[in-house]
Amino acid sequence: ARNRGVEGRITVSVDSDASGNVTNVQLISGSGNGRLDDHHLRMARNWKLKPSSNGRTGVTIVTRYQLQ
């Protein structure tokens, strides 16, 4: 995003299994830039959340990409 001068705020909903592995990602609110949104969704599928006995459903995560 920095190399392209792209900024934005992305909100996703994430589900995970008991080990914290992400099993599903849904875009709730995009940045307005399709390439940034797609890249973010690809990265989110590789995230690791804190393990929980039954997994997690619908964890909302907001990420802001801002140039400084």
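This is a short talk on how the strands and the helix of this chain fit together, given for a model that is predicted.

Let me begin with strand β1, where 8 of the 9 residues are buried. On one side of the pairing, β1 and β3 run antiparallel and are joined by 8 bridges, with Thr-11 having Val-62 of β3 as its bridge partner. β1 is also antiparallel to β2, through 6 bridges, and here Asp-15 is matched with Asn-24 of β2. The hairpin that β1 and β2 form has 5 residues between the strands, and within that hairpin Gly-20 adopts a positive phi near 95 degrees.

Two residues of β1 deserve a slower look, and I will take Ser-13 before Val-14. Ser-13 lies in strand β1, and we call Ser-13 buried because its relative accessible area is 12%, where the cut-off for that word is under 20%. Leaving aside residues up to four places away in sequence, Ser-13 touches Asn-24, Val-25, Gln-26, Ile-28, Gly-58 and Val-59. Val-14, counted in the same way, has a list of contacts that includes Val-22, Trp-47, Leu-49, Arg-56 and Ile-61. As general background, side chains in a regular strand alternate between the two faces of the sheet.

Val-14 also belongs to the largest nonpolar core, which has 12 residues in all, among them Val-12, Val-22, Leu-36, Leu-41 and Ile-61. At least two residues of this core come from each of β1, β2, α1 and β3.

What, then, do the buried residues of α1 pack against? They pack against β1, β2 and β3. The buried residues in α1 are Leu-36, Asp-37, His-40, Leu-41 and Ala-44. They lie on the same side of α1 because they cover an arc of only 130 degrees around the axis. In general terms, an α-helix has 3.6 residues a turn, so residues three or four places apart point the same way. At the N-terminal end of α1, Asn-33 acts as a cap, with a side-chain oxygen 3.1 Å from the backbone nitrogen of Arg-35.

Finally, let me turn to Pro-51, which is placed in the loop between α1 and β3. Pro-51 is 38 residues from Ser-13 in sequence, and the C-alpha atoms of the two are 17 Å apart in space. With residues up to four places away in sequence again left out, Pro-51 touches Ala-18, Ser-19, Gly-20 and Arg-56, and Gly-20 is the residue with the positive phi in the hairpin of β1 and β2.

How values were computed:
Residues numbered from 1 in each chain as written. Predicted model: local features only at pLDDT ≥ 70, side-chain atom pairs only at ≥ 80, totals over all residues. Heavy atoms only, no water. Core = buried A, V, L, I, M, F, W, Y, C linked by side-chain atoms within 4.5 Å. Buried < 20%, exposed > 50% of the residue type's maximum accessible area, 1.4 Å probe, protein only. Helix = DSSP H or I, 4+ residues; strand = E, 2+ residues; numbered from the N terminus. Contact = heavy atoms within 4.5 Å. Pairing = 2+ DSSP bridges. Arc of directions from axis to C-beta. Polar contact = N/O pair within 3.5 Å; in protein donor to acceptor, adjacent residues only side chain to side chain.
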